[in-house]
Amino acid sequence: MVGEATKVEGVSDRCGDREARCVRPDAHVGGHQIAVVRDTLVVAVVEEISVLSGKAEGLPADDAVEVARAAVQFRRGEGHRFEDRRDFGEFRVPDEPGLDRVGGVDSGRALSPAPFDGRLLGDDFKLIGDPIRVVLGGMMISSGEVGKFLNPFQSAAALKHVLGRVSRYAKDRVKHPRGTELSGGNALIARLLTSLRKRKVPVTVGATLVDLVRSPDGRVIGAEIREGGKTLRVGAKRAVVLATGGFARSAELRSEMSGAHQHDHTLAHPDVTGDGISAARRAGATVDTEGASAGFWTPISLLNDGKSPVKSVPYGWLDRGRPGVIAVGPDAKRFVNESNSYHDICLAMFDSGYPTDRRFFFICDGVFLKKRDMGHLLPYPWTRNAEKYEKLGYLSSGRTIGELAEKIGLDPAGLEATVREHNAHAVEGIDPLFGRGESAFNRMLGDPAVGKLNPNLGSISEGPFYALRIVPATLGTSAGLSTGTSGEVLGPDGNGIPGLYACGNDMTSPMRGIYPGAGITIGPGIAFAYRAIEDIARKSN
């Protein structure tokens, strides 16, 4: 989930206080891409908050990795470097019924931004938004490093790597508020910012999109922004491209556009409040809410440590679908294949009664909690005592499954029967209810140490037993403005509104609420930013 904090994009002309040929109100990485791909257009970047967020885990690549690599190398310009993640199969095969589905493959492809040395940014380092999760108070670690940090003594190489990272981090904290070794979305944003600076593109932060400016014939010719307490008009000679990040933080738009998937929580940036979508609608744009769902989803837990606001804890990597944890609903029964995509787990929650009944939990035992993690809790020895989190009401425990059920308001006999049935299936190595462990994607999250029959099924048998309440949250929105094939924003008649484009989460996702793999917002965001600017340049010529 990258780009959650920018607002005003476009290509400029005279219409007030400033002019440029390309002005972008932008809360999405796609907006930054616009400024990078065209040297022949003058671009201005306008961000609502004081940082440029970057929280992506990976970028999708075509199954033909060599073709994808060549395309990226051609388009990326200097400084845009990615790693081929052949070992990280985020692109999943269909889970029902499996590899027999048309197009199903048993491996995946993903591109992940290569690490970036934040010290190279100089004063611009402060513009890079804080990542969602860090260790030691400010050090980023990638998913590929987790194993080394959990067990640094597994090998001399692992110990050397961990000591090197920690040493570098200690030196960073002398001069910086956090570590400067950037990965994931932070690394991507840092490289894009580097490219903007090389092209001498003006970057304005702390500016909010107020409205679009239109000519008498309805063409969008600029944008009004609020900066430093003043309202300014920025002219757009050719077009305005909206990339304000969608509407995930707007309760009003969530209620209107989420349909059957009503929800209260999101991991999107606080400033992603639908400014671009609302301004476009005032200009005559239409929205498309006919997709499979209005967002891209993940289960989260809510931690109230007495500080404000309540912390939204994202689904972890170590506990995610691993053997030894099950998800249960209000009837105390499993309702989903826990090793499926986080997106699928949330859709199953809605199908099982959320939000009418909000009693949904992950259930595990003490062995799982110590070996993996659970929500905010890290594995032992990082977390030595769970009692603190029980006192905060974040985690519930019981000496028996029945006692745990009573604490979380579920039927004790029902939960006991569910766990007993699950344990029997773990011994047999078969999940007849949901097919857990049958797909390649499932098995990526398995652990061969639990047995060869099914690496995704582990028993829940050694007390104490634990429950973590979960709620569905969006990583980003999927519904948005109706657009054409180059991102042109469409009006009620199906024709493009002259001078107005959208990309990223402001446009309805081409995936239409389906989540085939990681990077499904970032990838199309970059692609449609590029298509938009190419279309603007073509029409200008």
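Start with Tyr-394: setting aside its neighbours within four places in sequence, this residue is in contact with Ser-301, Leu-302, Leu-303, Val-313, Met-374, Gly-375, His-376, Leu-377, Tyr-389 and Leu-468. Keep in mind that this is a predicted model. Tyr-394 also turns up in the largest nonpolar core, where Met-374, Tyr-394 and Leu-395 touch the most other members. From there, the tour takes in the cores, two sheets and a helix.

**The chain overall**

- The chain holds 14 helices and 26 strands.
- Of its 541 residues, 57% are buried.
- Take the contacts between residues at least 6 apart in sequence: 71% of them join residues at least 24 apart.

**The nonpolar cores**

- The largest nonpolar core has 39 residues, with Met-374, Tyr-394 and Leu-395 as the members touching the most others.
- Several elements each chip in at least two residues to this core: strand 17 (295-303), helix 8 (342-351), strand 20 (361-365), helix 9 (366-371), strand 22 (465-469) and strand 23 (471-477).
- Helix 8 gives the largest share, at seven residues.
- There's also a second, separate core of 33 residues, and Val-220, Met-257, Ile-277 and Ile-536 are among its members.
- As background, nonpolar side chains tend to be buried together in soluble globular proteins.

**The mixed sheet**

- Four strands make up an open sheet in the order 15-23-17-18, and the pairing is mixed.
- Strand 15 (265-266) and strand 18 (311-314) sit at the edges with a single partner strand each, so one side of each has no neighbour in the sheet.
- Strand 15 and strand 23 run parallel, joined by two bridges.
- Look for Thr-266 here: its bridge partner in strand 23 is Thr-474.
- Helix 8 packs on this sheet, where it touches strand 17 and strand 23. The direction of helix 8 makes about 80° with that of strand 17.

**The antiparallel sheet**

- Another open sheet of four strands follows the order 19-20-22-21, this time with antiparallel pairing.
- Its edge strands are strand 19 and strand 21 (395-398), each of which pairs on one side only.
- On average, neighbouring strands in this sheet are turned by 30° against each other, direction ignored.
- Five bridges link strand 20 and strand 22 in the antiparallel sense.
- Cys-364 stands opposite Tyr-466 in strand 22.
- Helix 11 packs on this sheet and touches strand 20, strand 21 and strand 22. The direction of helix 11 makes about 145° with that of strand 21.

**Helix 12, face by face**

- Helix 12 covers residues 412-428, which is 17 residues. From first C-alpha to last it reaches 25 Å, close to the 24 Å expected at 1.5 Å a residue.
- Its buried residues are Gly-414, Leu-415, Thr-418, Val-419, His-422, Asn-423, His-425 and Ala-426.
- Seen down the axis of helix 12, those buried residues fall within an arc of 165°, so they line one face of the helix.
- Turned away from that buried side is a face carrying the exposed residues Arg-420 and Val-427.
- Strand 19 (326-328) and helix 11 (401-408) are included in what covers the buried residues of helix 12.
- Right after helix 12 comes Gly-429, with a positive phi near 80°.

Technical notes
Residues are numbered from 1 along each chain as its sequence is written. This is a predicted model: local features need pLDDT of at least 70, side-chain atom pairs count only at pLDDT 80 or more; totals for chains, interfaces and linings use all residues. Side-chain values use heavy atoms; hydrogens and water are left out. A nonpolar core is a set of buried Ala, Val, Leu, Ile, Met, Phe, Trp, Tyr and Cys residues joined through side-chain atoms within 4.5 Å. Buried means under 20% relative accessible area, exposed over 50%, partly exposed in between (1.4 Å probe, protein chains only). Contact means heavy atoms within 4.5 Å. Two strands pair if DSSP finds at least two bridges between them. Axes are lines fitted to C-alpha atoms, for helices over the stretch in contact, and angles run from 0 to 180 degrees between N-to-C directions. The expected span of a helix is 1.5 Å times one less than its number of residues. The arc is that of the directions from the helix axis to the C-beta atoms.
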